[in-house]
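Me: I would like to go through this model at the bench, one local feature at a time. Please reason briefly and finish each reply with what was asked.

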Amino acid sequence: MNERRERRPSRPERGRPGPRKEGPSRPPQIDPARQVAFDVLRAVREKDAYANLVLPELLRNRRISGRDAALATELTYGTCRAVGMLDAVIEACLVDRSLAKVDAIVLDGLRLGAYQLLRTRIPEHAAVGSTVDLVRAEVGSWIAGFVNAVLRSVSEKDEETWLNELAPDEAADPIGAYALRTAHPRWVARSFAEALGDKGAELKAALEADDDRPDVHLVARPGEISADELAAITGGDVAPYSPYGVRMPAGSGDPGDVEPIKEKLAAVQDEGSQLCAVAVTKVPLTGSDERWLDLCAGPGGKAALLGALASISGATVDAVEKAPHRAKLIENAVQGLPVTIYVADGRETDLEPGYDRVLVDAPCSGLGSLRRRPEARWRRQPSDISDLTKLQGQLITAALDLVRPGGVVTYVVCSPHLAETEGVVGETARRAGAEIVDARPFFPDVPQLGDGPYVQLWPHRHGTDAMFCAVLRKPETAG
Ligand SMILES: C[S@@+](CC[C@H](N)C(=O)[O-])C[C@H]1O[C@@H](n2cnc3c(N)ncnc32)[C@H](O)[C@@H]1O
């Protein structure tokens, strides 16, 4: 056994307290920011909670603000995102190389500590000591020696050195190498590579951009406030592509505190989502253009933008949502707009066919917005995809039934996974005899859109989520 391995800790047996002398005798010093992060990690793991919903609530309830809130946010989201990379390093620090038998709550603590050691400038003694205290307070003093020893072992090298040791060779296995380095599951990295048609520099750039903290994007409601005005009020920048968009740097504070958002003149919405909603309205039509349908509308981001544009052009929008609680959110988003909400399954509505434009913003894997949902990359499974594509195909088919001959169906997903994008669209359009229209002209001035006919946006190219958009036209001759 080499010197380093001798110093590695053995894992504790589950639920079996070790000798009392392992734990330091001083009482644990609990830091509120780290306690919040630790509690959110637990809620994410035990209750399938969403970190970006639980964290603000805990911060509010515990009256944590300012620097403590910023630290809690950084540690929570950073740890959630980096789980795969952190686990690889932690596992390398265990004598028997198995994480599986480390108590889940202890592993939460180890991840939180390892994140601080590898991806922040927090001094080693603070990262290790505070983590030992957190886990000790939760599990008992007997665990302190183990946590301390694992984290001391993690701290022996920086992230780069660990990754050089643990990552597969970049030339032999670029997907595996970039996946570990950017803390993505391999299957997600592979799906990005397939969509990009690249396993080299562009894949690396895409995964790196996906691992960054994203800007906050706001949408200025058309007819109420302009993007220039919104940018001036918020101190943000007018977005490069959406005529209604404003971008604010990550960590600019709670967008809910922005006055135009409180007054419902603006909302938080990724610029890619804005572009897709706007594209729905830009496809040329012959004949009527009054009845628009949003077939998967909750929580109402695109319905609100479509509603505002419909109100200007004299159209109306029907918004369908299957989940009643999400339909409630639409109500809140579309107040004062010409939008009617229906709680129904989009595959079998009682709606009168003959819509001029239909948006299918289908349920999807969300692989395109992983940067905005810290824990999502580790929760999604490849096996989710086939159920989703079945549902997506059925929703597109229903939309083609509801649109009038010559009308358009715009299909959008927040995913670059080929099965959810080109795969399902190509197959469904072929079966229904729908024409696939080149979507690129409806994204004017957006660069790097490839060869069409589909539009795939990317964080590393456009600074947006990886939204996909396809436009289908129902043939004039169709019944
Ligand atoms: C990607 S989200 C839509 C986002 C929304 N367009 C927005 O911009 O805020 C998909 C929505 O479809 C809903 N949904 C899932 N299955 C559905 C179905 N069979 N019919 C209608 N809506 C469905 C989900 O509850 C979810 O709210």
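**Packing, binding site and loops**

Me: Which elements do the buried residues of α10 pack against?
Reply: In this predicted model, the buried residues of α10 have four packing partners, α9 (174-181), α11 (201-210), α17 (376-379) and β11 (455-456). Helix α10 covers residues 186-196, and its buried residues are Val188, Ala189, Ser191, Phe192, Ala193, Ala195 and Leu196. The elements asked for are therefore α9, α11, α17 and β11.

Me: Is Lys302 buried or exposed?
Reply: UniProt, in an unreviewed entry, lists Lys302 among the positions of a "binding site". Lys302 lies in helix α15 and, beyond its neighbours within four places in sequence, is in contact with Ser273, Ala277, Asp294, Leu359 and Asp361. A residue counts as buried if 20 or more other C-beta atoms lie within 10 Å of its own. Lys302 has 26, so Lys302 is buried.

Me: Which residues does Gly301 contact, leaving aside its neighbours within four places in sequence?
Reply: Gly301 is another position in the UniProt "binding site" feature and is found in helix α15 (residues 301-313). With 21 other C-beta atoms within 10 Å, Gly301 is buried. Its contacts outside the neighbouring stretch are Ala267, Gln269, Ser273 and Ala333.

Me: What is the omega of the cis peptide bond that joins Gly298 and Pro299?
Reply: The UniProt feature "binding site" also includes Gly298 and Pro299. Pro299 is found in the loop between β5 (291-294) and α15. The bond between Gly298 and Pro299 is cis, with omega of about 0°.

Me: How are α3 and α4 oriented, roughly parallel or roughly antiparallel?
Reply: Helix α3 (residues 51-61) packs with helix α4 (residues 66-92) at an angle of about 160°, and the axes are 11 Å apart. Angles over 145 degrees count as roughly antiparallel. Therefore α3 and α4 are roughly antiparallel.

Me: How many nonpolar residues are in the contact of α3 with α4?
Reply: Ala51, Leu55 and Leu59 make the contact from α3, and Ala69, Ala72, Thr73, Thr76, Tyr77 and Cys80 from α4. By class, there are no charged residues and two polar ones, and the nonpolar residues number seven.

Me: Is Arg63 buried or exposed?
Reply: Arg63 lies in the loop between α3 and α4, and its phi is positive, near 55°, in a residue other than glycine. A residue is exposed if 12 or fewer other C-beta atoms lie within 10 Å. Arg63 has 9, so Arg63 is exposed.

How values were computed: Residues are numbered from 1 along each chain as its sequence is written. This is a predicted model: local features need pLDDT of at least 70, side-chain atom pairs count only at pLDDT 80 or more; totals for chains, interfaces and linings use all residues. UniProt positions are given in the numbering used here, feature names are shortened, and annotations may be inferred rather than shown by experiment. Helices (H or I, at least four residues) and strands (E, at least two) are DSSP runs, numbered from the N terminus. Two residues are in contact if their C-beta atoms, placed from the backbone, lie within 7 Å. Axes are lines fitted to C-alpha atoms, for helices over the stretch in contact, and angles run from 0 to 180 degrees between N-to-C directions. Angles under 35 degrees count as roughly parallel, over 145 as roughly antiparallel, 65 to 115 as roughly perpendicular and the rest as oblique. Ala, Val, Leu, Ile, Met, Phe, Trp, Tyr, Cys and Pro count as nonpolar, Asp, Glu, Lys and Arg as charged, and the others, Gly among them, as polar.
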